[in-house]
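Colleague: I am new to this structure and would like a close look at one part of it, with each term explained when it comes up. Could you take me through that part slowly?

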Amino acid sequence: MNDFWIACGHHLLDRDESGGLRVTDEFLKAYFARPELMPPKDACLVEQRLHRGMLADPRQAVGADEVTAIADEDARENWRFVLGFRDLMLRHPTLEAAYLAAVRSRSNDLPPLFINQLVQVILRNALDGNDDPSVLRAAELFFRPQRILPHEQALLLGDEEVVGGRSPTPILSLNSMLDTKTDAQLDVLSEENAETYWERSDRFDMALDLSTGARGPRALAQVMTRWVSHLLGIDVAIEPLTELREVSLSWYIGLDADATRMGDRLWHGDELDEHSAGRVLSLFRLTFADPGLAGGTLRGEPVYLILAMTADQKLRMKPQNLLTGLPIKRLEAIS
């Protein structure tokens, strides 16, 4: 069986009886071994002692006063964030449960890079055994910002960090620990080169064709279906649409911030101007396998999913919207 996304650290985790991911000391130590937390030679004794302690016992309690005592301001901030992330994982039986708690919490202040890491490793678990590189490449949209690459009649997506250099928002992975480089040639994923995905999956250097009628939208629909099933324990069917016309917009979910704003306008009866409509990348229709799960005023109507790019032609998907925005009567998360 082909492996993929090795650098996310999934091999350092355990699974419980329900298939959820259990955090291990090895996984936690991988974070504390990151260069951002490695004390420089002139680091204060408090920082050096804390770092040694975490590598020896990554679950040990750390008081706020101990972090406050670190002399370097940047180091203090790094330690606050990583310890907050560690505590989130330790408070819950699985990483899936920790992620759901984070995205449902109104007080969550974790930087996006930590949330992206959780999304990737959870997807790695949910898609374990999948042998379709198109599905795996589409799944990268969940945790890595993309740049739109218009090419003739095709709508191509390339990884923002690979296409445009370092992203303004750092993307957390274990790549830096493994000295993995990302300056490789960008190829469009196709039937001819699909088998090369396995050896380059951690390089994120393959573009996805999201054009209407191409494999990309169908692959993304498969990922979203699996995402909902794995995290909420419900079965849904998701299919790509060519356009959003003559439908009753009973319920909609924006899969990114721009799409949410567009959906809000449509909900209130406004029409999208040509420029806004041109930024819609994909549309999907979601139906419940069990219509009785639908809550609110849905009454058997489908849920419409909208994916859009920003004004500067980038895509920053928010997969949590698919979980928190569904109108369902019963939530059964993996625990």
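Modeller: A residue is called buried when its relative accessible area is under 20%, exposed when over 50% and partly exposed in between, with a 1.4 Å probe and protein chains only. This is a predicted model, in which local features need pLDDT of at least 70 and side-chain atom pairs count only at pLDDT 80 or more, while totals for chains, interfaces and linings use all residues. Residues are numbered from 1 along each chain as its sequence is written, and side-chain values use heavy atoms, with hydrogens and water left out.

A brief stop first at Arg76, which lies in helix H4 (residues 73-91); helices (H or I, at least four residues) and strands (E, at least two) are DSSP runs numbered from the N terminus. Arg76 is buried but has no salt bridge, its nearest side chain of opposite charge being Glu73 at 4.9 Å. A salt bridge requires a side-chain nitrogen of Lys or Arg within 4 Å of a carboxyl oxygen of Asp or Glu, and only Lys and Arg count as positive and Asp and Glu as negative, with His and the chain ends not counted.

The part I would look at closely is the open sheet of 4 strands, ordered S7-S9-S10-S8 with mixed pairing, where two strands pair if DSSP finds at least two bridges between them. Strands S7 (236-241) and S8 (252-254) are at the edges with a single partner strand each, so one side of each has no neighbour in the sheet. S7 pairs with S9 (residues 280-288) in the antiparallel sense over 6 bridges, and here Pro240 stands opposite Phe284 in S9. Phe284 also stands opposite Leu305 in S10, since S9 and S10 pair in the antiparallel sense over 6 bridges. S8, by contrast, joins S10 in the parallel sense over 3 bridges, with Ile306 in S10 as the bridge partner of Gly254.

In S10, 6 of the 6 residues are buried, so this strand is largely enclosed by the rest of the structure. Val303, Leu305 and Leu307 cover one face, and Tyr304, Ile306 and Ala308 the other.

Helix H11 (residues 215-232) packs on the sheet, touching S7, S9 and S10 (303-308), where contact means heavy atoms within 4.5 Å. Among the buried residues of H11 are Leu220, Met224 and Trp227, and after the helix comes Gly233, whose phi is positive, near 70°.

Conventions
Axes are lines fitted to C-alpha atoms, for helices over the stretch in contact, and angles run from 0 to 180 degrees between N-to-C directions.
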